[in-house]
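Let's take a walk through this model together, starting with its pockets and ending at a single residue. Have the viewer open as you read.

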Amino acid sequence: MVEAFSVLVLTGTGLVAGVLFAVAVSVMPALIAMTPERYVSTHILLGKRYDRIMPFIVTGSTAVDVGLAIRASGGPRVLFAAAALCMAGVAVVSQTRNVPINRTVKRTRPEDLGPGWRDPRPAWRDWHLVRTCLAIAGCALTAAAVVLT
């Protein structure tokens, strides 16, 4: 049973880290290079699928890391617990920083952008990089714990 949960949590944390990394290195630079109008339209299109699946994967991975931490002992317990904290950090940053920005952008009509528009891309990028680092750390810590188990 532990093996099955280990595969599950490695898959989950790996997916989260991989998706966030891909967004950081390819999607975000493209969004920053766009005109504000095009950015708003593209951002709305990109978020439709991520918003539904990513919270489930992050929460599930966090829960499995917690469960494995409770079951493990010694070094693996500490690593699973640290991984769970990192993944919880991903959830907190996402829900308190990136998601509110996403909601604001989704309510914005590209044709209504004017000279007073406050561009959310720098803040979104900065918080995204924080959660990406947390996700990569969570994945690495989970992998180390699984290897040591």
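What follows covers two pockets and then one aspartate, D65, in helix α2.

Keep in mind that this is a predicted model. Begin with the largest pocket, which holds about 500 Å³ of space. Its lining is made up of 26 residues, and to find the middle you can select Y50, D51, N102, W124 and R131, which lie nearest the centre. Four helices each give two or more residues to this lining: α1 (2-33), α2 (36-71), α3 (74-106) and α4 (121-148). Of these, α2 gives the most, with 9 residues. If you are thinking about the chemistry of the lining, the count by class is 15 nonpolar, 7 polar and 4 charged residues.

Now move to the second largest pocket, with about 180 Å³ of space. Here the lining can be listed in full: I101, T104, V105, T108, W117, R118, D119, P120 and A123. Helix α3 supplies the largest share, 3 residues. By class, this lining divides into 5 nonpolar, 2 polar and 2 charged residues.

Finally, go back to α2, where D65 is found. Is this aspartate buried or exposed? D65 counts as buried because its relative accessible area is 0%, and the cut-off for buried is under 20%. Which residues does D65 touch, once its neighbours within four places in sequence are set aside? The contacts are V9, T13, F80, A83, A84, M87 and T142. You can also check the spacing to A82, which is 17 residues away along the chain: the C-alpha atoms of D65 and A82 are 8.7 Å apart.

Definitions and conventions. Residues are numbered from 1 along each chain as its sequence is written. This is a predicted model: local features need pLDDT of at least 70, side-chain atom pairs count only at pLDDT 80 or more; totals for chains, interfaces and linings use all residues. Side-chain values use heavy atoms; hydrogens and water are left out. On a 1 Å grid over the protein atoms alone, a cavity is a set of points where a 1.4 Å probe fits but cannot get out, and a pocket is an open set with protein on both sides within 12 Å along at least five of seven lines; lining residues have an atom within 4 Å of a point. Grid points are joined across faces, edges and corners, and a volume is the space filled by probe spheres set on the points. Ala, Val, Leu, Ile, Met, Phe, Trp, Tyr, Cys and Pro count as nonpolar, Asp, Glu, Lys and Arg as charged, and the others, Gly among them, as polar. Buried means under 20% relative accessible area, exposed over 50%, partly exposed in between (1.4 Å probe, protein chains only). Contact means heavy atoms within 4.5 Å.
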